[in-house]
Amino acid sequence: MPTLLAALEKAVSAGVELLDRHSDADHDRTVFTLAGDAGALRSSLPAGAEAAIEQIDMSDYHGLHPAIGALDVCPVVWLDPGDREAAREEALEVAGQIGALGVPVFLYGELAGAPDRRERAYFRNGGLAELWLRMESGELRPDRGPATPHRTAGATLVTARPPLVAFNVELDSGDVEVARAVAAGLRESGGGLAGVRAIGLALGSGRGQVSTNVHDPLGTPLALVVERVRALAAPLGARPVEAELVGLVPEAALAGYPPAVPIRGFDPDRHTIERRLVAGTD
């Protein structure tokens, strides 16, 4: 595994700055966070996709987190609203190049061609096996690339977006149904917090995890997410005890964060976007 990750890192970070690499055995995934000037990512991201295609076989995927591809999701993130259109153009170029490698690409989020295609869950539900059936039947057609999944690499989801925060909260209960109930009440679609997507998982450590994506981390800061998890978990006999960031976080999203639920391994110089970008230019 270290050799594989080193090869992927070398490929995907060529010509750009590697800001962070986060690997998780339970989720069976690695997330690379990159920074580059306009035009740079259209070289590095397809190179990373090609390395993933060559070295990852999705038939061996056993991660807890839903996934449909060796390069499962590939967002191009803009920080300044003035860069939004450039990020969209970059993402569409990257999507075309990944499709040319023989991997079907689905555009989601604000690049989606229809409202029901905006959410990643629309493509991930049922995993890669279900995606095969939907594509073979003609129900689901890709935006780029071939009409069926790559034999080993599956498919890839591409978008352009502002920063979101991948934030996981661990409970002192190992009951996965407790984690799922908390996730159901937390996510926006269940009447919870605006912009929050959440699922409940059982970790190998024996803890339950509420795995979230916070799409507007300034409007819905992480302190609010933790407090809502606390409120939802308490009637079920559980409480949040530790948290985890996947990638980087805008510094403002940490305002008022409760020290009683520490973020494992958190270092503000390494894990906040603003400080990490400054360090990368030193």
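Select Val105 in strand S4 (105–107) and Thr156 in strand S5 (residues 156–161): Thr156 is the bridge partner of Val105, and in total 3 bridges join S4 to S5, the two running parallel. Two strands count as paired here if DSSP finds at least two bridges between them, while helices (H or I, at least four residues) and strands (E, at least two) are DSSP runs numbered from the N terminus. The model is a predicted one, in which local features need pLDDT of at least 70 and side-chain atom pairs count only at pLDDT 80 or more, whereas totals for chains, interfaces and linings use all residues. Residues are numbered from 1 along each chain as its sequence is written, and side-chain values use heavy atoms, with hydrogens and water left out.

Now widen the selection to the sheet around this pair. The open sheet has 3 strands in the order S3-S5-S4, with parallel pairing. Strand S3 (73–77) and strand S4 stand at its edges, and because each has a single partner strand, one side of each is left without a neighbour in the sheet. From one strand to the next the twist averages 25°.

Add helix H3 (residues 84–100), which lies across S3, S4 and S5 and runs at about 170° to S5. For such angles, axes are lines fitted to C-alpha atoms, for helices over the stretch in contact, and the values run from 0 to 180 degrees between N-to-C directions.

Which residues of the largest nonpolar core touch the most other members? Select Leu45, Ile98, Phe106, Phe123, Leu131 and Val158, which hold that place among its 41 residues. At least two residues of this core come from each of helix H1 (2–12), helix H2 (41–55), S3, H3, S4, helix H5 (127–136) and S5, and the largest share, 6 residues, is from H2. A nonpolar core is a set of buried Ala, Val, Leu, Ile, Met, Phe, Trp, Tyr and Cys residues joined through side-chain atoms within 4.5 Å; buried means under 20% relative accessible area, exposed over 50%, and partly exposed in between (1.4 Å probe, protein chains only).

Centre the view on Leu131, which touches Ile68, Phe106, Phe123, Leu140, Pro149 and Ala155 when residues up to four places away in sequence are not counted; contact means heavy atoms within 4.5 Å. Apart from the largest core lies another, of 28 residues, among them Leu171, Ala233, Leu245 and Tyr257.

Go next to Val12 in helix H1. Is this residue buried or exposed? Val12 has a relative accessible area of 9% and is therefore buried. Leaving out residues up to four places away in sequence, Val12 touches Phe32, Leu34, Ser44, Leu45 and Gly48.

For a second kind of strand pairing, select strand S7 (residues 196–202) and strand S8 (residues 208–214), which pair in the antiparallel sense over 7 bridges. Ala202 stands opposite Gly208 in S8. The two strands form a hairpin with 5 residues between them, and in the turn Gly206 has a positive phi of about 100°.

Finally, zoom out to the whole chain, which holds 9 helices and 9 strands. Its C-alpha atoms fill a box of roughly 50 × 50 × 40 Å, taken along the principal axes. Buried residues make up 47% of the 282 residues, and among contacts between residues at least 6 apart in sequence, 66% join residues at least 24 apart.
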